Amino acid sequence: MNDDAFLTGHKNYLRTPTDEDVIRANWHRWYNDASITKYNNHGVFPVTIEHELNHIHQQFQNADTLMMGVFDQETDKVLGNVSLYNIDLIHRRSSISLTIGETAGLSVGIEAFGLMIDHGFCRLNLNRIADSTHEKLATFVKMLETIG
């Protein structure tokens, strides 16, 4: 496991992704893959490495966003990313998003979501963390139902 882990689960950990992580994982390809972006707002325009690096750097500058890479503890492989965004500390609410770009089991998404939700409620003192998805994303719907 990486010493820079911010949140640690049973099989995965979350940390701030580096430029090298984004490039090494071909992160931008996740958002160009129709099977990954089929029912979300990504995949409408082509994404290059430069676009993705710029986007991530912008996210790091946003005080209302916490973006983390999802990493496998055994291999340190980047599996995806998870974000709390539109964090509103006055009204104590946020939205959450998840992209698992690599082939991984449902447990990866559940653990990443759980780590971020726990951080949002226990450390950021939020009362509400919301997400929504297209009903045809059966795996994601099942994950959200599992988490509640």
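**Exercise 1. Which residue in β2 does Leu7 stand opposite?**

Before we start, a word on the model: it is predicted, local features need pLDDT of at least 70, side-chain atom pairs count only at pLDDT 80 or more, and totals for chains, interfaces and linings use all residues. Residues are numbered from 1 along each chain as its sequence is written, and side-chain values use heavy atoms, with hydrogens and water left out.

*Solution.*
- Step 1: find the strands. Strands (E, at least two residues) and helices (H or I, at least four) are DSSP runs, numbered from the N terminus. Strand β1 covers residues 7-8, and strand β2 covers residues 12-15.
- Step 2: check the pairing. Two strands pair if DSSP finds at least two bridges between them. β1 and β2 run antiparallel and are joined by two bridges.
- Step 3: read off the partner. Leu7 faces Leu14 in β2.
- Step 4: look at the connection. The two strands make a hairpin, with three residues between them.

**Exercise 2. Work out the order of the strands in the sheet, and name its edges.**

*Solution.*
- Step 1: start from β2. With strand β3 (residues 66-72), β2 pairs in the antiparallel sense over four bridges. Asp72 is the bridge partner of Asn12, and Leu14 stands opposite Val70.
- Step 2: move on to β4 and β5. Strand β4 (residues 78-88) and strand β5 (residues 93-100) run antiparallel and are joined by seven bridges. Within this pairing, Val82 has Leu98 as its bridge partner. β4 and β5 also form a hairpin with four residues between them, and Arg92 in the turn has a positive phi of about 60°.
- Step 3: add β6. Here the direction is parallel: three bridges join β5 to strand β6 (residues 128-130). Arg93 stands opposite Arg128.
- Step 4: assemble. The result is an open sheet of six strands in the order β1-β2-β3-β4-β5-β6, with mixed pairing. Its edge strands are β1 and β6, each of which pairs on one side only.
- Step 5: place a helix. Helix α5 (residues 106-122) packs on the sheet, where it touches β1, β2, β3, β4, β5 and β6 (contact means heavy atoms within 4.5 Å). The direction of α5 makes about 160° with that of β5; axes are lines fitted to C-alpha atoms, for helices over the stretch in contact, and angles run from 0 to 180 degrees between N-to-C directions.

**Exercise 3. Find the aromatic pair and describe its surroundings.**

*Solution.*
- Step 1: apply the criterion. Rings of Phe, Tyr and Trp (its six-membered ring) pair if their centres lie within 6.5 Å; planes under 30 degrees apart count as stacked, over 60 as edge-to-face and the rest as tilted. Searching the whole structure gives one aromatic pair.
- Step 2: classify it. Tyr13 and Phe71 are stacked, at 5.3 Å centre to centre with 15° between the planes.
- Step 3: locate it. Tyr13 sits in strand β2 and Phe71 in strand β3, 58 residues apart, and the pair links distant parts of the chain.
- Step 4: check burial. Buried means under 20% relative accessible area, exposed over 50%, partly exposed in between (1.4 Å probe, protein chains only). Tyr13 and Phe71 are both buried. Both faces of β2 are covered: Asn12 and Leu14 are buried on one side, Tyr13 and Arg15 on the other.
- Step 5: look for a charge. The charged end of Arg15 sits over the ring of Phe71, 4.0 Å from its centre; the test asks for NZ of Lys or CZ of Arg within 6 Å of the ring centre and within 35 degrees of the ring normal.

**Exercise 4. Describe the phi and exposure of Asp76 and Asn86.**

*Solution.*
- Step 1: recall the background. Most residues other than glycine have a negative phi, and most peptide bonds are trans.
- Step 2: take Asp76, found in the loop between β3 and β4. Its phi is positive, near 60°. Asp76 is partly exposed, with a relative accessible area of 28%.
- Step 3: take Asn86, which lies in strand β4. Asn86 has a positive phi of about 55°, and its relative accessibility of 46% makes it partly exposed.

**Exercise 5. Summarise the whole chain.**

*Solution.*
- Step 1: count elements. There are six helices and six strands, following the pattern β-β-α-α-α-α-β-β-β-α-β-α along the sequence.
- Step 2: consider burial. Of the 148 residues in the chain, 39% are buried.
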